[in-house]
Amino acid sequence: MLVAGSLFVVGIMITALSAGSSSDNSNSAGTALAIIWLILALIYHPACWYAFGASVGQKVLGLRLARASDGRALGLGAILARYAIFFVVTLIFPLAIISAIMAARDPFRRAWQDQVSRSIVVRNA
């Protein structure tokens, strides 16, 4: 939700930059803003998972990521593997449906990204 909301704000900013101006400077400023947003959007989840153990939304809900084996924090490799699967499943809608169905049938409600990275989403104690 945070990423989608920020996209809305950036879209308004890009529109404001290009409105009423046909100069290359406003177009390049809009392009630079879009590229910066894209980079930040791509690193948001793995950076939050690594630094805080959860995204902002997960923190608000009192959730965190943990290793399924011992409950400790995930390592960088597990976070990157989890994000790679999360990214693909998020982009390809039919895969998201299949992953959700499989998570609903899993006793620990783990989606594909959790199974690959051997992680689990747990409530903070």
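Is Arg72 buried or exposed in this predicted model? With 52% relative accessibility, Arg72 counts as exposed, because the cut-off for that class is over 50%. The views below start with this residue and its partners.

**View 1. Arg67, Asp70 and Arg72 are joined in a salt-bridge network.** Asp70 takes part in both pairings shown here. Its side chain meets that of Arg67 with an N to O distance of 3.6 Å, and the side chains of Asp70 and Arg72 meet at 3.7 Å, again N to O. Side chains of opposite charge can pair when their charged atoms come close. Asp70 is partly exposed at 40% relative accessibility, and Arg67 is also partly exposed, with a relative accessible area of 27%. Arg72, as noted above, counts as exposed at 52%.

**View 2. Arg110 and Asp106 form a salt bridge.** Here the N to O distance is 4.0 Å. If you are checking this pair by distance, keep in mind that the criterion is within 4 Å. Asp106 has a relative accessible area of 13% and is therefore buried, since buried means under 20%. For context, the structure holds four salt bridges, including this one.

**View 3. Ser117 sits in helix α6 and makes polar contacts through its side chain.** Helix α6 covers residues 112-117. A polar atom of the Ser117 side chain lies 2.8 Å from the backbone oxygen of Gln113. The side chains of Ser117 and Ser119 are joined by a polar contact of 2.9 Å. Leaving aside residues up to four places away in sequence, Ser117 touches Leu74, Ala78 and Arg82. Ser117 counts as buried because its relative accessibility is 7%, under the 20% limit.

**View 4. A nonpolar patch on the surface draws on helices α2 and α4.** Its members are Ile35, Ile36, Leu38, Ile39, Leu40, Leu42, Ile43, Phe87, Val88, Leu91 and Ile92, and together they have about 980 Å² of accessible area. The elements that give two or more residues to the patch are α2 (24-52) and α4 (76-91). Which element gives the most to the nonpolar patch? That is α2, with seven residues.

**View 5. Phe87 is one of the residues of the nonpolar patch.** Phe87 is found in helix α4. At 34% relative accessibility, Phe87 counts as partly exposed. Patch members need over 30% relative accessible area, so the 34% of Phe87 meets that cut-off.

Terms used. Residues are numbered from 1 along each chain as its sequence is written. This is a predicted model: local features need pLDDT of at least 70, side-chain atom pairs count only at pLDDT 80 or more; totals for chains, interfaces and linings use all residues. Side-chain values use heavy atoms; hydrogens and water are left out. Helices (H or I, at least four residues) and strands (E, at least two) are DSSP runs, numbered from the N terminus. Buried means under 20% relative accessible area, exposed over 50%, partly exposed in between (1.4 Å probe, protein chains only). A polar contact is a pair of N or O atoms within 3.5 Å; within protein, one must be able to donate a hydrogen and the other to accept it, and residues adjacent in sequence count only if both atoms are side-chain atoms. Contact means heavy atoms within 4.5 Å. Patches are made of residues with over 30% relative accessible area and no salt bridge: like charges are joined within 9 Å, nonpolar side chains (Val, Leu, Ile, Met, Phe, Trp, Tyr) within 5 Å. Accessible areas come from the Shrake-Rupley method with a 1.4 Å probe; for residues, only the protein chains shown count as cover.
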